[in-house]
Amino acid sequence: MKLFDLTGKSAVVVGGAGGLGQAIAQGLAEAGAKVLISSRKEESLRKAREEIKAAANVDVYYAAADATDEKQVISLLEEAKSKLGGRIDILVNAQGFNKKQDALEFDIETFRQMLDANITSFMITAKHFGRHFKENGYGKIINLSSVRGKIATKGPGNAGYCATKGAVDMLTKQLASELGPFGITVNAIGPNITATPMMVSIFEKRAADAGVDVETYLKQQGEGNPLRRMGTPEDIVGTAVFLAAPASDFMTGNILYPDGGLTAIG
Ligand SMILES: NC(=O)c1ccc[n+]([C@@H]2O[C@H](COP(=O)([O-])OP(=O)(O)OC[C@H]3O[C@@H](n4cnc5c(N)ncnc54)[C@H](OP(=O)(O)O)[C@@H]3O)[C@@H](O)[C@H]2O)c1
């Protein structure tokens, strides 16, 4: 058995036009999988597809869908099946967002939107892709959690994010328990803050607020980690390929932390 080979496998990456989702989609395709990326905006998906093609000379399919909408997820599953040859083996949930607000000022509508995007959508995709995986007697679900599912931040702002990522961790464990008998593994990845292309403008603002240039800011951010640097999308891709590959077939209900060692000391 080739432990890290995904030849003959098909994967759907929800949030696949995002910083981590796009990198993971590219990594899965480079490992041999047929890949479909999905998110709400078709234009971002087209751009991500072109970038993946240019970077890795691999083609990916795409389909727009709002993963918080059950009907759209059912259609996504059907579209993915028809584009990927009838069978899907791997689902990656890499969608979601963080909106920081002080706990005592938190806008509750925003909190509800975070619950919807960061956790309810993971349940909806797992439910429908899980049914398909059960029919095949095989499937791998990989949920993007965060170190913030395990450790809170010292400063304010992350009540919504920490709550939803903690929920992703427990959803992962419960799904692992329920779906294991059907040959389906369910694991999560808990990255530390990662320098994705879409974080650049946020980092620029924070650096300006702190009165330093972006490079200095990024260096300072990484210094709290035992490995003394901030993570890159590539640091997350290897974990995703591992969880998608036969190498992890006997692992389920785990949360893996490509986090520079933060959770070791957190
Ligand atoms: N980057 C980090 O530092 C970091 C650290 C730890 C954990 N994570 C987690 O990793 C995952 C990916 O993060 P990222 O940095 O790649 O975020 P990102 O760059 O903002 O990408 C998020 C993706 O999710 C899609 N999305 C959002 N809501 C959606 C919905 N309702 N239905 C379908 N797609 C939706 C977005 O596209 P549309 O807006 O077009 O739908 C986008 O493609 C998230 O769960 C995040 O919490 C990230």
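Here is a friendly conversation about the structure above, going from its ligand to its salt bridges and loops.

Visitor: What should I keep in mind about the model and its numbering?

Guide: This is a predicted model, in which local features need pLDDT of at least 70 and side-chain atom pairs count only at pLDDT 80 or more, while totals for chains, interfaces and linings use all residues. Residues are numbered from 1 along each chain as its sequence is written, and side-chain values use heavy atoms, with hydrogens and water left out.

Visitor: Which residues surround the ligand most closely, and what makes a residue count as near?

Guide: A residue is near a molecule if one of its heavy atoms lies within 4 Å of it. The ligand is surrounded by 26 residues, the closest being Leu20, Arg40, Gln95, Tyr161 and Thr194. Helix 1 (19-30) and helix 5 (159-179) each supply at least two residues of this shell; helices here are DSSP runs of H or I with at least four residues, strands are runs of E with at least two, and both are numbered from the N terminus.

Visitor: How is the shell around the ligand made up by class?

Guide: The shell has 10 nonpolar, 12 polar and four charged residues. Ala, Val, Leu, Ile, Met, Phe, Trp, Tyr, Cys and Pro count as nonpolar, Asp, Glu, Lys and Arg as charged, and the others, Gly among them, as polar.

Visitor: What makes the pair between leucine 20 and the ligand a polar contact?

Guide: A polar contact is a pair of N or O atoms within 3.5 Å (within protein, one must be able to donate a hydrogen and the other to accept it, and residues adjacent in sequence count only if both atoms are side-chain atoms). A backbone N or O atom of leucine 20 lies 2.7 Å from an oxygen atom of the ligand, so the pair qualifies. Two ligand nitrogen contacts can be added: a polar side-chain atom of aspartate 66 lies 2.9 Å from a nitrogen atom of the ligand, and a backbone N or O atom of alanine 67 lies 2.9 Å from a nitrogen atom of the ligand. Taken alone the ligand exposes 890 Å², and the protein buries 89% of that; such areas come from the Shrake-Rupley method with a 1.4 Å probe, and for residues only the protein chains shown count as cover.

Visitor: Why is lysine 47 called exposed, and glutamate 51 partly exposed?

Guide: Buried means under 20% relative accessible area, exposed over 50%, and partly exposed in between (1.4 Å probe, protein chains only). Lysine 47 has a relative accessible area of 54%, so the term exposed applies. Glutamate 51, at 33%, therefore counts as partly exposed.

Visitor: How do you know that lysine 47 and glutamate 51 form a salt bridge?

Guide: The term asks for a side-chain nitrogen of Lys or Arg within 4 Å of a carboxyl oxygen of Asp or Glu. The closest N and O atoms of lysine 47 and glutamate 51 are 3.2 Å apart, so the pair meets the cut-off. Both residues belong to helix 2 (residues 42-56), and because they are four residues apart there, about one helical turn separates them.

Visitor: What does the salt bridge between lysine 127 and glutamate 70 tie together?

Guide: Their side chains meet at 2.6 Å, N to O. Lysine 127 lies in helix 4 (residues 108-136) and glutamate 70 in helix 3 (residues 70-84), so the pair ties together parts that are 57 residues apart in sequence. Lysine 127 is partly exposed at 33% relative accessibility, and glutamate 70 is partly exposed at 33%.

Visitor: How many salt bridges are found in the whole structure?

Guide: A search finds 12. Among them, aspartate 235 pairs with arginine 229, with the closest N and O atoms 2.8 Å apart. Salt bridges that share partners also join Arg49, Glu50 and Asp59 into one network.

Visitor: Why is glutamine 101 called buried?

Guide: Its relative accessible area is 19%, and because buried means under 20%, glutamine 101 qualifies. Glutamine 101 lies in the loop between strand 4 (90-93) and helix 4. In space, glutamine 101 and alanine 159 are 7.7 Å apart, C-alpha to C-alpha, though 58 residues apart in sequence.

Visitor: What is notable about phi of asparagine 57, and why is this residue called exposed?

Guide: Phi of asparagine 57 is near 55 degrees, a positive value in a residue other than glycine. Asparagine 57 sits in the loop between helix 2 and strand 3 (61-64), and its 68% relative accessibility is over 50%, so asparagine 57 counts as exposed.
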